[in-house]
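Could you walk me through this model, beginning with its domains and ending with a few local details? I would like the cut-offs spelled out along the way.

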Number of protein chains: 2
Amino acid sequence: MSESAIQYARDRQDAFLDQFKQFLAMPSISTLSEHRQDVLDTAEWIASQLRQAGIDGVQLIPTAGFPVVYGESLKAPGAPTVLVYGHYDVQPADPLDEWDTAPFEPTIREEYLYARGASDMKGQLFAQLKAIEALAAQGDLPVNVKFMFEGEEEIGSPSLEAFIDQERDRIACDVVLNCDSMIHSKDLPSITYGLRGLAYFEVTLRTAAKDLHSGRFGGSVRNPIHELAALIAGLHDAEGRVTLPGFYDKVRALTPDEREALAKVPRKDDAWLAMAGAKALYGENGYTTVERTGARPALDLNGIWGGFTGEGAKTVLPAKAHAKLSARLVADQDPKDVLGQLRAYFEANAAEGVQWELHQHSAGPGAIMDRYSPYMKSATSALATVWGVEPIFTREGGSVPVVGMMQQMLGVDSIMLGFAMPDDGIHGPNERQYLPNTWRGIETYIRFYENLAGQSRG
Amino acid sequence: MSESAIQYARDRQDAFLDQFKQFLAMPSISTLSEHRQDVLDTAEWIASQLRQAGIDGVQLIPTAGFPVVYGESLKAPGAPTVLVYGHYDVQPADPLDEWDTAPFEPTIREEYLYARGASDMKGQLFAQLKAIEALAAQGDLPVNVKFMFEGEEEIGSPSLEAFIDQERDRIACDVVLNCDSMIHSKDLPSITYGLRGLAYFEVTLRTAAKDLHSGRFGGSVRNPIHELAALIAGLHDAEGRVTLPGFYDKVRALTPDEREALAKVPRKDDAWLAMAGAKALYGENGYTTVERTGARPALDLNGIWGGFTGEGAKTVLPAKAHAKLSARLVADQDPKDVLGQLRAYFEANAAEGVQWELHQHSAGPGAIMDRYSPYMKSATSALATVWGVEPIFTREGGSVPVVGMMQQMLGVDSIMLGFAMPDDGIHGPNERQYLPNTWRGIETYIRFYENLAGQSRG
């Protein structure tokens, strides 16, 4: 059945390309109110695509913001149920003058299709729609599938948690197929099986009732910037480890097997430095850069401010200093623990007479997926067949909040299966997708569903 | 002669009070362009006062900003020449609704005259004018006097350095009498004989070419806020001493005699803390708070910024972090040395791959005046006679740039002789001057000139 579905898709590449361009021409920029109708039109376009493929119950479910496009095909009794996640909104296109061709006039140059959203993530969403169409053209889908495409990912998914909570029965599933993902390079497919969590804080130190004259008081009372600096400096030891008591207690250690797998990620340190524009690596002793960014937690300062920050000089001894800091967490760290650890640290280390206030902005857990689950095997095997090379496993340093939500609220893992590439320029000018990845993506999704069906039959 | 001059002044207190109110009613706010004419009118008012007292060559000397009121009386061959410094401009009066009576309608309540500029420093300038009038009424002034009253002190004296340079022959003198000063309290006169200098810097640290995603890169490259914090934290040791190599090398040590004199300053530590609204003292071990703020150097952070400082959370690993920091210097530290010391510190301590840039905003030396010079003795003896109590000596933590300019450009010391008090509310609402201080001020200036003449005769 998958071979005929694949043939169906291959026979229609020209028509598909036209449809892909049509999809990309819709400026579904969720953050700009003048594009509100475009976002809604895009949702309708997807709904009509699903209906044409014979998906049931296709509808736009309202939220406080943009609707979720929902649909389902539950015609495979005994087979697993996959919830497909994606988003149909895109980032704004500015700076417009840095685009070589207009962001909403999709243009092909050397096997790449250039347009805003091509890679993030209309390319994956389109490949998904076409995989379903191709499979449905052969008969009932081999597994049960539900679609949940949101229109607010690029503005932080403000309505998603309420939606999941409200629709938890409707979207119940065995596994999530998250299409908002990428591969290592066009010649080397990869699967992200781990994501870091995030616990984000803001701290304010106060040492005086009001700003003081630095001449009059300098050298006689504490300076909040000194004090904040000392506290920040003490957060890491000479080995690059975070000093918060208990911070590493629950960290799931890397197994030799996993380290071996991560060592296969062909990411060179000097390329990493070049990408950052940095001159030196830094991190926890005893780990590679790939391990440091994916499999080990980190603590970073995201912002700092206090006193006079304008042009020139003002002789102020400030009353307050502030910082934003966040921990990137790995399995099995509990993001709720970090607040207590930071409190204990400030309690123990803030100097006498220094008042501090700690506020938590957010807390989301990291995620790690079983590399040997039937779902994962269906995905890796599909990639291997289509690309002709075994995929590597990667762990990403960032967080994908929807993955954490699904794990926390529904108790299900996500398979991150998408075909964007690191140099596609997402969020920037001249965003593009490598077109062979679009075609291979369709085939990968077809094979993923077929593999999953085969496993449940076997 | 001084007794008759004092009697002259005492006989005219009512008329003087009317004139003082007239002077204070002129809103000479140098920073507000709508008061430009008021500032100029005030300069003219002073010039006419000097002319009425028989001062020669009275004129408004133009500068790039407001004019300097100049005049001279050079009729005491063999006696020293005193350059009298003061300023006739005032701070803005806002917030207006916090004034109990209108800021430019001088009002007496319980021996205090309330008005903007009453204490900073029209009170001292007026006392000076009346002292001169009283002395001149008795005949030629007993010493040579030159007057230099600027109209831009409250905006940082932007034209003063050029003026001094251009008029250095005209204003040549043996000593400066700086009337922009204060006493400890109404019952305890004091003389400031030391001021701290200031060397102000801005530093920028860079660790990457552009801001990075903290999820993606966190834990693998250096964070400029961490690095800046570590460098700041290292600037002081556990004894509260500045760690910059060579920082204390040229500091003039306190003599037992001077420590004894400073111990007489009746400034309680808990009152100091209450004034700052701080909960704990801090500073260089082995020194009192009075010594720490006046006689020992200090290094303070005045501002810090970097990364995301808006509301909420942004997961950025910034490329840069910045700080403003300044050293308060005492005699005989050279403010030019600090730049080199900071450079050496960053050179030695900035981590590998961290780029830094250091910029100097300003550098002015501290000042210390001989407590036993004939000029100083003339001042202390005048205070002792008028107040009936020996004045104490104080060293101030702040800088008075004109004192440094006079020392650097003309090679002359300044005697800080003024009668403002710490609770006069200068720069704030309900500024006031204690009227007995105005009358005693007139007598003190008369006696100062007479003492000086007597010493040169003796």
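Chain A is split into domain 1 (2–195 + 366–457) and domain 2 (197–251 + 297–363), with bounds that come from an automatic or database domain assignment. Everything here belongs to a predicted model, in which local features need pLDDT of at least 70, side-chain atom pairs count only at pLDDT 80 or more, and totals for chains, interfaces and linings use all residues. Residues are numbered from 1 along each chain as its sequence is written, while chains are lettered from A and ligands numbered from 1 in the order in which they are written.

Taken over C-alpha atoms, the centres of domain 1 and domain 2 of chain A are 40 Å apart. Contact between them involves 7 residues of domain 1 of chain A and 7 residues of domain 2 of chain A, where two residues are in contact if their C-beta atoms, placed from the backbone, lie within 7 Å. On the domain 1 side, these residues divide into 2 nonpolar, 5 polar and no charged. Here Ala, Val, Leu, Ile, Met, Phe, Trp, Tyr, Cys and Pro count as nonpolar, Asp, Glu, Lys and Arg as charged, and the others, Gly among them, as polar.

Now let's see how the two chains meet. Chain A and chain B each bring 68 residues to their contact. Strand β11 (residues 298–307) of chain A gives the most to the chain A side, with 9 residues; helices (H or I, at least four residues) and strands (E, at least two) are DSSP runs, numbered from the N terminus. That side of chain A holds 27 nonpolar, 28 polar and 13 charged residues. β11(A) also pairs with β11 (residues 298–307) of chain B, in the antiparallel sense and over 5 bridges; strands pair if DSSP finds at least two bridges between them. Within this pairing, A:Gly303 has B:Gly307 as its bridge partner.

How are the copies related? A turn of 180° and a shift of 0.1 Å along the axis lay chain A on chain B with an RMSD of 0.1 Å, which is the relation of a two-fold axis. The superposition is by least squares on the C-alpha atoms of residues with pLDDT of at least 70 in both. Because 100% of the interface residues of chain A are also interface residues in chain B, the copies meet through the same surface.

Helix α7 (residues 224–233) of chain B has 9 of its 10 residues buried, meaning that 20 or more other C-beta atoms lie within 10 Å of a residue's own (exposed is 12 or fewer, partly exposed in between, with C-beta atoms placed from the backbone). Among the buried residues are B:Ile225, B:Leu228 and B:Leu231. The buried residues of α7(B) pack against α7 and β11 of chain A, together with β9, β11, β13 and α11 of chain B.

α11 of chain B also contains B:Arg343. This residue is partly exposed, with 13 other C-beta atoms within 10 Å. B:Arg343 and B:Glu357 are 14 residues apart in sequence, and 9.1 Å apart C-alpha to C-alpha.

Back in chain A, the buried residues of α12 include A:Tyr375, A:Met376 and A:Leu383. Their cover includes β7, β8, β17 and α14 of chain A. After α12(A) comes A:Gly388, with a positive phi near 75°.

Finally, in chain B, β1 (residues 56–61) and β2 (residues 68–73) pair in the antiparallel sense over 4 bridges. A hairpin of 6 residues joins β1(B) to β2(B), and B:Gln59 stands opposite B:Tyr70.
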